Amino acid sequence: MSASDSWPAPREFGTTYGPPFPVEVLPDWVGVYVDQVAQAIETPVDLPAMISLAVLAAASSKKACVEVRPKWREPLNLYTVAVLPPSSGKSPVFKKLIAPISDFERTERERLKGAVAKDAARR
């Protein structure tokens, strides 16, 4: 078997690599938000869908885990990569989807400011 028989021909950038992300598999509230963000920013639904998975994994990483088998647990880590041409809405979509985590972190910083200052002074 030659190398040309075992590998498909490379595809040009910008070609479709498969069907769009199946938004219907997401929880209803996430699917609705993903659709609305995609429409508002005029970007493929795949982008907010993939980023939403990463955001949900980050939000639940300390609250849940996967038990592969007894005594073997793994955290819910997920790494996604969004690859689109420049000016295709990656940053605005990311900012929209990460907003709840950013808000939570800001609130926690404010809430813990006094305790952090006490610890710093004690040290």
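Me: Which side chain does Lys113 meet in a salt bridge?
Reply: Lys113 pairs with Glu110, at 3.1 Å from N to O. A salt bridge here means a side-chain nitrogen of Lys or Arg within 4 Å of a carboxyl oxygen of Asp or Glu.

Me: Is this a predicted model, and what is counted?
Reply: The model is predicted, so local features need pLDDT of at least 70 and side-chain atom pairs count only at pLDDT 80 or more, while totals for chains, interfaces and linings use all residues. Residues are numbered from 1 along each chain as its sequence is written, and side-chain values use heavy atoms, with hydrogens and water left out.

Me: Back to Lys113 and Glu110: how many residues apart are they in helix H4?
Reply: They sit 3 residues apart in helix H4, so about one helical turn separates Lys113 and Glu110. Helices are DSSP runs (H or I, at least four residues), numbered from the N terminus.

Me: Exposed or partly exposed, those two?
Reply: Lys113 is partly exposed at 48% relative accessibility, and Glu110 is exposed at 52%. Exposed is over 50% relative accessible area, buried is under 20% and partly exposed is in between (1.4 Å probe, protein chains only).

Me: What does Arg111 pair with?
Reply: Glu108, in a salt bridge with the closest N and O atoms 2.7 Å apart. Arg111 is exposed at 56%, and Glu108 is partly exposed at 22%.

Me: How many salt bridges does the structure hold?
Reply: There are 5. One of them joins Arg73 and Glu67 at 3.8 Å, N to O.

Notes: Helix = DSSP H or I, 4+ residues; strand = E, 2+ residues; numbered from the N terminus.
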